[in-house]
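User: I would like to go through this chain by questions and answers. Please keep the replies brisk.

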Amino acid sequence: MNENKYTKGPWCVSVSGNSRTVCHATGTVARLAISPNSIRNAEGEANAFLLAAAPELLDACKRLLEELRLIRMKDSNAVYDVTCRLTAADAIAKAEGTK
């Protein structure tokens with residue numbers, strides 16, 4: 001697995017007026033300007049929380065792929081959804097900038 005090049009989690013979301021700041025103990029990771037329109041505001045709020053969860057989601061995907069690999073090594077007849085494995089591997093590659 002590649003060494004992390006991003007700010008390691010956990011990240012959090014700080015709310016201030018129409019902006020959301022994705023933050024880390026050492027500072028700001030990203031700032032999002034939220035539209036005053038109520039529908040776009042809810043979407044922007046959800047995007048901020050999704051961004052804040054990114055390090056944990058990436059770690060979870062990596063751990064799940066490793067578990068699948070170990071299960072497959074122990075039991076070559078083990079059945080799992082290959083599409084799920086491929087989707088997780090693609091998401092990891094995208095997050096690490098290799099896709």
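User: How far apart are the mean positions of the positive and negative charges of the chain?

Analyst: The chain carries 13 positive and 11 negative charges. Lys and Arg count as positive, Asp and Glu as negative, while His and the chain ends are not counted. Each charge is placed at NZ of Lys, CZ of Arg, CG of Asp or CD of Glu. The two mean positions are apart by 4 Å.

User: What are these values based on?

Analyst: This is a predicted model, where local features need pLDDT of at least 70, side-chain atom pairs count only at pLDDT 80 or more, and totals for chains, interfaces and linings use all residues. Residues are numbered from 1 along each chain as its sequence is written, and side-chain values use heavy atoms, without hydrogens and water.

User: Which pattern does the chain follow along the sequence?

Analyst: Helices (H or I, at least four residues) and strands (E, at least two) are DSSP runs, numbered from the N terminus. The chain has two helices and three strands. Read along the sequence, the pattern is β-β-β-α-α.

User: Which residue in S3 stands opposite Val-22?

Analyst: Strands S2 (residues 19-24) and S3 (residues 27-33) pair in the antiparallel sense over six bridges; pairing takes at least two DSSP bridges. A hairpin of two residues joins S2 to S3. Opposite Val-22 stands Ala-30.

User: What percentage of the 99 residues is buried?

Analyst: Buried means under 20% relative accessible area, exposed over 50%, partly exposed in between, with a 1.4 Å probe and protein chains only. In this chain of 99 residues, the buried share is 20%.
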